[in-house]
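Biologist: Hi! I'm new to this one, so could you show it to me and walk me through it?

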Amino acid sequence: NPVDEQTAQEEIEDKLKQCIDNLMDKSAKTRLAALESLKQAFSSKLLSDFLRTRQLTLSDCLERSLRKGSGEEQAAAAYVSAQFCVQLCAGDSSEDCFTVLRHTLGTILSDTCASMVARQSCAVALGMCCYVSAAEDAEDLLKTLRNLECVFTSSYPNNEGVLPALKPGASRLHCAALQAWALLVTLCPASHVRTLLDLHLPKLQACLESNDVNYRIAVGETIALLFELGRDNDQDFLYDDSDTLCECLKCLAKDGNKHTAKNDRRKQRSIFREVLHYIENEDFTEEKIRFGTEVLYIDSWMRRRIYDAFKEVLESGVRHHLQHNELLRMIFELGPPLVLDSSVKANKLSRVEKHLYNSAAFKARTKLRNKVRDKRADVM
């Protein structure tokens with residue numbers, strides 16, 4: 001019923017207006033509750049039109065929470081900032097939002113005295129906001145890459161090849177920074193990717209010896225992504241130390257360390273089998289993400305990194321956004337949002353039709369990826 005839908009929409013918008021007002025409250029508890037409510041709403045609903053009319057107000061409120069809030073409030077504000085950029089979609093709106101928040105997010109990320117959880121959230125937000133809004137701006141991209149590098153490279157081995165001892169919680173921060181960095185590397189032109197490969201691959205290989213299982217996994221996935229980008233840009237791409245790397249990956253794919261939780265061991269073995277298989281055979285294990293009547297095929301390390309980044313920011317609402325958010329549909333070449341009436345819903349696409357559609361999307365994506373990299377090469 002259109003009338004009921006209109007009433008429900010008005011109720012949602014009234015609650016959101018109250019949440020935005022509460023972000024200016026003197027009580028830290030009230031502000032935090034408002035951020036948590038916004039976080040849930042931004043994840044589960046598409047609110048682009050409503051938010052564009054309140055963009056400046058919300059940007060200012062988020063910046064104030066980031067600058068003056070406690071570690072918990074900063075962390076919540078950073079996540080809402082990332083979701084806010086995704087809600088605004090690509091274009092001037094998200095770029096303006098990133099311009100307002102970029103400096104504050106970067107400052108907290110670099111501040112070794114700031115809360116670990118706040119720095120971790122700022123790493124996620126910085127990567128996502130830059131990816132969504134500033135992908136065409138080479139200067140912003142390089143600046144953000146360097147900001148993230150300054151964090152996770154502190155886990156690199158020293159001149160004697162020894163990995164540093166990290167503070168408690170630092171591994172999670174390094175994971176977040178490395179994964180955000182890897183997301184942005186997918187936007188870099190071929191010439192810059194080659195530079196990054198030469199600089200980071202040997203150091204990342206050494207980080208596979210890290211004591212933290214989640215960081216090892218993040219490093220392994222990043223190595224696979226860098227190999228994929230190297231091969232995309234150069235058919236003759238070779239890594240000098242690939243034999244040693246493959247031996248290390250084989251050990252991790254069979255790791256039976258009893259000091260690691262059973263689920264973590266299982267996850268590590270699974271991921272490193274995939275990484276090893278890709279590096280040795282250039283073969284990626286395809287994954288299907290079903291949403292509504294559609295299917296998204298995750299058929300490359302690049303596509304997986306992008307999907308995982310959106311999944312982390314949007315959480316359980318990622319499928320809703322895949323259906324309705326034009327930004328995600330553009331990034332994953334899904335076309336305009338489908339408008340399905342009851343008769344269409346009853347007759348879902350056949351398996352063959354889905355396969356043909358996704359095959360065409362894959363070809364289009366490959367062409368687009370190469371074209372975008374070429375376009376940025378001169379600027380970088």
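Modeller: Happy to! Let's begin with a pocket: the second largest pocket holds about 490 Å³ of space. Keep in mind that this is a predicted model.

Biologist: Cool. How many residues line the second largest pocket, and which lie nearest its centre?

Modeller: The lining has 19 residues, and Gln-179, Glu-221, Lys-267, Arg-305 and Asp-308 are the ones nearest the centre.

Biologist: And which helices supply at least two residues of that lining?

Modeller: There you'd look at helix H9 (170–185), helix H11 (213–233), helix H13 (262–281) and helix H14 (301–314). The largest share comes from H14, with six residues.

Biologist: How do the lining residues divide into nonpolar, polar and charged?

Modeller: In this pocket, 10 are charged, six are nonpolar and three are polar.

Biologist: Switching topic: how many aromatic pairs are there?

Modeller: The count comes to 10 aromatic pairs. Take Phe-227 and Tyr-239: their ring centres are 5.8 Å apart and their planes are at 80°, so this pair is edge-to-face.

Biologist: Where in the chain do those two sit?

Modeller: Phe-227 is in helix H11, while Tyr-239 is in the loop between H11 and helix H12 (242–253). They are 12 residues apart, and the pair links distant parts of the chain.

Biologist: Is Phe-227 buried or exposed? And what about Tyr-239, buried or exposed?

Modeller: Phe-227 has a relative accessible area of 2%, so it counts as buried. Tyr-239 is buried as well, with a relative accessible area of 13%.

Biologist: Nice. Got another pair for me?

Modeller: Sure, Phe-310 and Phe-332 form an edge-to-face pair, with 6.5 Å from centre to centre and 65° between the planes. Phe-310 lies in helix H14 and Phe-332 in the loop between helix H16 (326–331) and helix H17 (342–346), so the pair ties together parts that are 22 residues apart in sequence.

Biologist: Are Phe-310 and Phe-332 buried or exposed?

Modeller: Both Phe-310 and Phe-332 are buried. They also belong to one aromatic cluster with Tyr-131 and Tyr-307.

Biologist: One last thing: which ring does the charged end of Lys-39 sit over?

Modeller: That would be the ring of Tyr-79, with the charged end of Lys-39 lying 4.8 Å from the ring's centre. Arg-102 also has its charged end over a ring, that of Phe-98, 5.6 Å from the centre.

Biologist: Great, thanks for the tour!

Notes:
Residues are numbered from 1 along each chain as its sequence is written. This is a predicted model: local features need pLDDT of at least 70, side-chain atom pairs count only at pLDDT 80 or more; totals for chains, interfaces and linings use all residues. Side-chain values use heavy atoms; hydrogens and water are left out. On a 1 Å grid over the protein atoms alone, a cavity is a set of points where a 1.4 Å probe fits but cannot get out, and a pocket is an open set with protein on both sides within 12 Å along at least five of seven lines; lining residues have an atom within 4 Å of a point. Grid points are joined across faces, edges and corners, and a volume is the space filled by probe spheres set on the points. Helices (H or I, at least four residues) and strands (E, at least two) are DSSP runs, numbered from the N terminus. Ala, Val, Leu, Ile, Met, Phe, Trp, Tyr, Cys and Pro count as nonpolar, Asp, Glu, Lys and Arg as charged, and the others, Gly among them, as polar. Rings of Phe, Tyr and Trp (its six-membered ring) pair if their centres lie within 6.5 Å; planes under 30 degrees apart count as stacked, over 60 as edge-to-face and the rest as tilted. Buried means under 20% relative accessible area, exposed over 50%, partly exposed in between (1.4 Å probe, protein chains only). A charge sits over a ring if NZ of Lys or CZ of Arg is within 6 Å of the ring centre and within 35 degrees of the ring normal.
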